[in-house]
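Please open the model in your viewer and keep the sequence panel beside it. This tour moves from one selection to the next and says what is there at each stop.

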Amino acid sequence: MPDLSTIGAFALASFVLLIIPGPAVIYILNRSVSDGREVGLAAVAGLELGNLVHAIAASAGLSAVLATSATAFNTVKWLGAGYLVFVGVRTLLRPAPSISGDQAGVSVRRAFGQGVVVNVLNPKVALFFLSFLPQFIHPDEGRAWLQSLVLGGVFVLIGCITDSTYSTVASSMRHVLLRGRALGIVQRWVAGTVFIGLGLMAATASAGGKRAPRIRRHR
């Protein structure tokens, strides 16, 4: 079990990393502005579940497999990239839905599922846990897997707070956008472009990019 000083240092570092805008934050902003607070928070829940999967995987040593096996890394990378590009293209080709201030274009269930996939199939998240967590693990204190799991849980908890804040602030702009035609553009063209962009970002992820400045951009 990590001591309080280690947890505090890790929590502070995690907070700094999590507030830096990246693919996950972009996804949250997109869902919250285009579909409202409920859908945005569902997306946050999905993203955090994806983070939890990676935290558990890191504790079990699975992240090391992604970092050392080119085949495993590329499989996850292309699955994630392909899914995101597919969703983006489908969004662009689908006719714009009728816009209502009380009606979301994407269901809560779908936003949650997409959030899970965005982070579970994001190799950079796995590499983040592999590169970041070991700095706070003390093998001499024993049960390194438990230390890793606890710190991973702290990361997920802080992520819930920061991502929910992003979603709440972004969704508050929804009704302002409803006054014109901007929301329809966001729901179709911006959303589709964002998904394709996220897919391209996942496709360019490199197993060799383990330096801290690159890893921290996964959010």
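Helices (H or I, at least four residues) and strands (E, at least two) are DSSP runs, numbered from the N terminus. The model is a predicted one, in which local features need pLDDT of at least 70 and side-chain atom pairs count only at pLDDT 80 or more, while totals for chains, interfaces and linings use all residues. Residues are numbered from 1 along each chain as its sequence is written, and side-chain values use heavy atoms, with hydrogens and water left out.

**The whole chain**

Begin with the protein chain in a cartoon view, where there are eleven helices and zero strands. Of its 219 residues, 47% count as buried, where buried means under 20% relative accessible area, exposed means over 50%, and partly exposed lies in between (1.4 Å probe, protein chains only). Contact here means heavy atoms within 4.5 Å. Among contacts in the protein chain between residues at least 6 apart in sequence, 88% join residues at least 24 apart.

**The salt bridge in α2**

Next select Arg31 and Asp35, and show their side chains. Side chains of opposite charge can pair when their charged atoms come close. A salt bridge is a side-chain nitrogen of Lys or Arg within 4 Å of a carboxyl oxygen of Asp or Glu, and the structure holds one salt bridge. The side chains of Arg31 and Asp35 meet in a salt bridge, with 2.8 Å from N to O. Why are Arg31 and Asp35 separated by about one helical turn? Arg31 and Asp35 are separated by about one helical turn because they are four residues apart in helix α2 (residues 23-35). Arg31 is buried, and Asp35 is buried as well.

**Ser32 and Gly40**

Stay in helix α2 and select Ser32, which has its place there. Ser32 counts as buried because its relative accessibility is 0%. A polar atom of the Ser32 side chain lies 2.8 Å from the backbone oxygen of Ile28. When residues up to four places away in sequence are not counted, Ser32 touches Arg37, Gly40, Ser167, Ala170, Ser171 and Arg174.

From Ser32, move on to Gly40, whose place is in helix α3 (residues 37-60). Gly40 is buried, with a relative accessible area of 0%. Leaving aside neighbours within four places in sequence, Gly40 is in contact with Arg31, Ser32 and Ser167. If you draw a distance from the C-alpha of Gly40 to the C-alpha of Val108, the separation is 8.2 Å in space, although these residues are 68 residues apart in sequence.

**Where α2 meets α8**

Now show helix α2 together with helix α8. Two packed helices are described by the angle between their axes and the distance between the axes. Axes are lines fitted to C-alpha atoms, for helices over the stretch in contact, and angles run from 0 to 180 degrees between N-to-C directions. The axes of α2 and α8 come within 8 Å and cross at roughly 35°. On the α2 side the contact is made by Val25, Ile28, Leu29, Ser32 and Val33, and on the α8 side by Asp163, Tyr166, Ser167, Ala170 and Ser171.

**Where α1 meets α8**

Keep helix α8 (residues 144-171) in view and add α1, which packs with α8 at an angle of about 35°, with their axes 9 Å apart. Which residues of α1 meet α8? They are Ile7, Phe10, Ala11, Ser14, Phe15 and Leu18, which meet Val150, Leu151, Val154, Phe155, Ile158, Gly159, Thr162 and Tyr166 in α8.

Within helix α1 (residues 4-18), select Ser14. Ser14 is buried, with a relative accessible area of 0%, and a polar atom of the Ser14 side chain lies 2.8 Å from the backbone oxygen of Phe10. Leaving aside neighbours within four places in sequence, Ser14 is in contact with Phe132, Phe155 and Ile158.

**The segment before α1**

Finish at Pro2, which lies in the segment before α1. Is Pro2 buried or exposed? Pro2 counts as buried, at 6% relative accessibility. Leaving aside neighbours within four places in sequence, Pro2 is in contact with Ile7, Gln147, Val150 and Leu151. For a last distance, take the C-alpha atoms of Pro2 and Arg143, which are separated by 9.9 Å while the two residues are 141 residues apart along the chain.

Definitions and conventions: A polar contact is a pair of N or O atoms within 3.5 Å; within protein, one must be able to donate a hydrogen and the other to accept it, and residues adjacent in sequence count only if both atoms are side-chain atoms.
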